[in-house]
Each structure stands twice: as structure tokens, then as C-alpha cells.
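Good morning, and thank you for joining. Please turn to the sequence and the structure as they appear on the screen.

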Amino acid sequence: MTPIATVLYRESEIRSRVRELGETITTDYAGRSPVFVSVLKGGAIFLADLFRHVDLPVRVDFMSISSYGSGTEGSGVVRILKDLDSDIGGEHVVVIEDIIDTGLTLSYLLSTLGARGPASIEICALLDKSVRRIPRLDIRYIGFDCPDRFVVGYGLDERERYRNLPFILAVEDQRALADDLDALLPFLGGEPPADAVG
Ligand code: PRP
């Protein structure tokens, strides 16, 4: 029987990769005070872990956006629901994302943020679903090159649930999860069942 989900990235893998990314950013931005811009909501979970591994006077700020239209693949044009609190003119900005899929959202955001005159903008994404990319994007920091799977956990949600899973699951049976949102509840609060480890 197909398990409803399998583990794609274990908690320990995520922890060590996030630490490595933080250390790399620390080296790359030595002597500077970057601003980490996180796109709510999923990106905030990654940001919270990442920036505690960055040994620099880093500032954090948040944006909340909403896609126009319906469907899973929009144009990338977004409405800003909550803008940054501070001006990024002259700042070194690192946009922190949990996942980049088509890249349309980020591409639009980069043009919006770029118009505000930052000294630099780089992207840091935990998961890069590169096979789905539409516009060309230079992603400087990538946690994992993610296969084209439906993923939940560590910030990634299914109808706002399961962002608090400490690992990332690939959903094997999307229909079962669509029918029963509670189907992944046994995974919360600890290691997943051994037979579901992929
Ligand atoms: C996810 C992710 C990116 C976007 C990527 O956000 O955090 O912002 O989708 O998709 P794209 O590359 O195809 O444009 P989502 O809309 O799921 O919001 P959330 O973080 O609040 O769950």
C-alpha cells in the first residue's frame, strides 16, 4: 500500500544544511549588515533557523503577499498585503524563501524590491524546484534542489496545516490528503513512522 507521505528531508539534514547556509552567508557578508527579507508565511520558519547561524549584525523584515487570480500557477503578479517596515535603499538585501517553484512570485518581487535602490539583492531558498522554473533566476544560496513533488513541513503547508513538521514530507497520495486534512497528523510531534521513511 502506498504510504500517504514519505520523508524527503530529515530534520537532521535540514538542520545541518541550514547551518551551512548560515555560515556561508556569514563569510560572504563579512563586514556588512545585510537585511534578510522573508516572504510570509512559509519563509519565516526557515528564516528563524537560518539567521541564528549568521554571525553578523543582520536585520530582518517581512513581507506578506497575495497572488492574483486562482490556480496553482499564476502570473507571479502579487498584491502586497504587508510591506517591509523599513527602507531598503542602499542596503544589502537577502530574500529568504522556503521554496521557489515556477519562480514567478520571486521574479515579480525582485523587480519591486530592486526599484527601491538596494545596494544588492541575493536570494536564499531552502528548496529549489528548479525543474519547474519559468523565468531565469540567479539563486545564490540553495538548501536543496527539490524534485517536482508536493511537499509539506518546515514552513510548507497544505491548507495552512503542517508548517510545524520538523522535517519535509513528499506527499505520495495527494488525493487522500485532499479528502482528509488530518491524514498527516501522526507525523506531528516527532519522527515519522519507520515504514513511511522514503
Ligand atoms: C510559496 C513560496 C513562494 C511561492 C513560490 O508561497 O513561499 O512565495 O509559493 O511559488 P512560485 O515560484 O511558483 O511563484 P505560498 O504562496 O505557498 O505562500 P505561503 O508561504 O504563505 O504558504
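V152 stands opposite L169 in β9. I should say at once that what we are viewing is a predicted model. The facing residues belong to a pairing between strand β8, which covers residues 151–152, and β9. These two strands run in the antiparallel sense and are joined over two bridges.

Which other strand pairs with β9? Strand β1, residues 5–9, does so, again in the antiparallel sense, here over four bridges with β9 at residues 168–171. Within this pairing, T6 is found opposite A170 in β9. As a general remark, side chains in a regular strand alternate between the two faces of the sheet.

Let me now place these strands in the whole chain. The protein chain holds nine strands together with four helices. In sequence order, the pattern reads β-α-β-α-β-β-β-α-β-β-β-β-α.

How are the contacts distributed along the sequence? Among contacts in the protein chain with a separation of 6 or more, 64% join residues that are 24 or more positions apart.

I turn finally to the overall dimensions. Taken along the principal axes, the C-alpha atoms fill a box of roughly 55 × 40 × 25 Å. The radius of gyration of the protein chain is 17 Å, and this agrees with a compact globule, because one of 198 residues would have a value near 16 Å. As for burial, 33% of the 198 residues count as buried.

Note on methods: Residues numbered from 1 in each chain as written. Predicted model: local features only at pLDDT ≥ 70, side-chain atom pairs only at ≥ 80, totals over all residues. Rg over C-alpha atoms; globule rule 2.2 N^0.38 Å. Buried ≥ 20, exposed ≤ 12 C-beta atoms within 10 Å, placed from the backbone. Contact = placed C-beta atoms within 7 Å. Pairing = 2+ DSSP bridges.
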